[in-house]
Amino acid sequence: MATTVIALLALIVPIWSLPPLAPTQYPGVYQLTEPVDHAECPSWDYRNNILYYVNIHEGQVYRYDYDQGNLAYITLDGEVAPVIPSSRDPNLLIVGLDRSVAAVEWDGVSDPSETRILAALAPDFPTSRVNDGKADKQGRLWIGTMGYEGPDGLTPDEGILYQVTCDHLDSPLVEIAPVNISNGLAWNAANDKFFYIDTPSGQVVEYSYNDETGEISDRRVVFDVNDHTEHIVGGPDGMTIDEDDNLWIALYGGGAIIKVDSSNGDLLEIVPLPALDVTSAIWGGPDLDILYVTTSRVSLTDEQKLEQPAAGAVFAIFGLGTKGRPTFEVDILGSIDDETCGAKKVLRG
């Protein structure tokens, strides 16, 4: 199977002023935002055309309004990842915060009055932190952690992938452990396959998925970056999936996002970006045909930052010839004050 390498076309223009791309044009990579240190975990709320993402280490949650072209952010008390809207209230956001799952009510205008802590994670690993996460079709939250990453590298085997529901807030279910850096997640269109990345492994793995019970089984490796070093470098980070069940995988340290056939592991396409550390992606736009890609500059040297001034920005890629499917929201709370799943136990102002 041939691999397509897309030429890099990066322009800094307001996204709302872009004309539609004809199907025959090459994809265009456009810088959507100013850089931050570590942009990650993009999510798209199709109900109101809002793109959310985080700046992990600064505790910032960003909200980009596609229709208005406005970008706003709030700062929470801790490292934050991911951010996922609630199914019953689009202004209620479920986030990972340090080693917990929290809820924040934010309309993009008013400052949140409080942050409600819902569940504690990784009690045995006090230096670990939250990382990537998503909601499944039933509104269950799948959220992972990673070991401490310091000057001497990553503390191994201290990451866990959890499943969090209303019934298990006091004891989130451990789905995969141990891992190193719990990262990208995706489900296929039939909703019977679950895809997962533990970044240092270099692999994307597939599990059989039971949507009714949320159980995973029958692990197999779909794709291994180490088998394609003649074309790509870096480690697989976040990912999303398109309408044809092709995986779009961010390469941290690889300067690109790649398209992989989830059925056979073929590397189909490489889209370079003007940032070495590509962190994640999500389909968005009114027709779900824009691929939003987050990047980072936190690991770059001063020299690399000068060479990559757009590193840390969010990019929008048009004209890829495919599109995504609506993603799912978390169904745990109906409102910030909802005590159906238990009384408020911890609040942060």
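**Strand pairing, burial and the largest pocket**

In the predicted model, Thr240 is part of strand 22. With a relative accessible area of 4%, Thr240 falls under the 20% limit and is therefore classed as buried. Residues up to four places away in sequence being left out of account, Thr240 is in contact with Lys134, Asn246, Leu247, Trp248, Ala281, Ile282, Trp283 and Leu291. Several of these contacts belong to elements described below. Strand 26 spans residues 277-284 and strand 27 spans residues 290-296, while Lys134 has its bridge partner, Trp142, in strand 13.

Strand 27 is largely enclosed by the rest of the structure, because 7 of its 7 residues are buried. In a regular strand, side chains alternate between the two faces of the sheet. On one side of strand 27 stand Ile290, Tyr292, Thr294 and Ser296, and on the other Leu291, Val293 and Thr295; both faces are covered, and all of these residues are buried. Strand 26 and strand 27 run antiparallel and are joined by 7 bridges, with Ala281 opposite Val293. These two strands form a hairpin that has 5 residues between them, and Gly285 in the turn adopts a positive phi of about 90°. Strand 27 is also paired with strand 28 (residues 314-318), again in the antiparallel sense, over 4 bridges. Val293 has Phe315 as its bridge partner in strand 28. Val293 thus takes part in bridges to strand 26, where Ala281 stands opposite, and to strand 28, through Phe315.

A further enclosed element is strand 9, which comprises residues 92-97; 6 of its 6 residues are buried, so strand 9 is largely enclosed by the rest of the structure. Leu92, Ile94 and Gly96 point one way from the strand, Leu93, Val95 and Leu97 point the other way, and all are buried. Strand 8 (residues 80-85) pairs with strand 9 in the antiparallel sense over 4 bridges, and Ile84 is placed opposite Ile94. The hairpin of strand 8 and strand 9 has 6 residues between the strands. Strand 9 further pairs with strand 10 (residues 100-105), in the antiparallel sense and over 6 bridges; here Gly96 stands opposite Val101. Strand 9 and strand 10 likewise form a hairpin, with 2 residues between the strands, in which Asp98 takes a positive phi near 60°.

Two open sheets were also examined. Strands of a sheet pair through backbone hydrogen bonds, in either a parallel or an antiparallel arrangement. One open sheet consists of 4 strands in the order 12-13-16-17, with antiparallel pairing. Its edge strands are strand 12 and strand 17 (173-179), each of which pairs on one side only. On average, and with direction ignored, neighbouring strands of this sheet are turned by 15° against each other. Within the sheet, strand 12 pairs with strand 13 (residues 141-146) in the antiparallel sense over 5 bridges. Lys134 and Trp142 in strand 13 are bridge partners, and Lys134 is also one of the residues touched by Thr240.

The other open sheet likewise has 4 strands, here in the order 18-19-20-21, and its pairing is antiparallel. Strand 18 (182-187) and strand 21 (215-224) are the edge strands, each pairing on one side only. From one strand to the next, the twist averages 25°. Strand 20 (residues 203-210) is joined to strand 21 by antiparallel pairing over 7 bridges, in which Tyr209 has Ile216 of strand 21 as its bridge partner.

The largest pocket contains about 440 Å³ of space. Its lining is made up of 23 residues, of which His38, His57, Arg129, Met146 and Glu149 are the closest to its centre. The elements giving two or more residues to this lining are strand 12 (129-135) and strand 22 (235-241). By residue class, the lining divides into 6 nonpolar, 10 polar and 7 charged residues. The pocket can thus be related to the elements described above: strand 12 is an edge strand of the sheet with the order 12-13-16-17, and strand 22 is the element in which Thr240 lies.

Definitions and conventions. Residues are numbered from 1 along each chain as its sequence is written. This is a predicted model: local features need pLDDT of at least 70, side-chain atom pairs count only at pLDDT 80 or more; totals for chains, interfaces and linings use all residues. Side-chain values use heavy atoms; hydrogens and water are left out. On a 1 Å grid over the protein atoms alone, a cavity is a set of points where a 1.4 Å probe fits but cannot get out, and a pocket is an open set with protein on both sides within 12 Å along at least five of seven lines; lining residues have an atom within 4 Å of a point. Grid points are joined across faces, edges and corners, and a volume is the space filled by probe spheres set on the points. Ala, Val, Leu, Ile, Met, Phe, Trp, Tyr, Cys and Pro count as nonpolar, Asp, Glu, Lys and Arg as charged, and the others, Gly among them, as polar. Buried means under 20% relative accessible area, exposed over 50%, partly exposed in between (1.4 Å probe, protein chains only). Two strands pair if DSSP finds at least two bridges between them. Contact means heavy atoms within 4.5 Å. Axes are lines fitted to C-alpha atoms, for helices over the stretch in contact, and angles run from 0 to 180 degrees between N-to-C directions.
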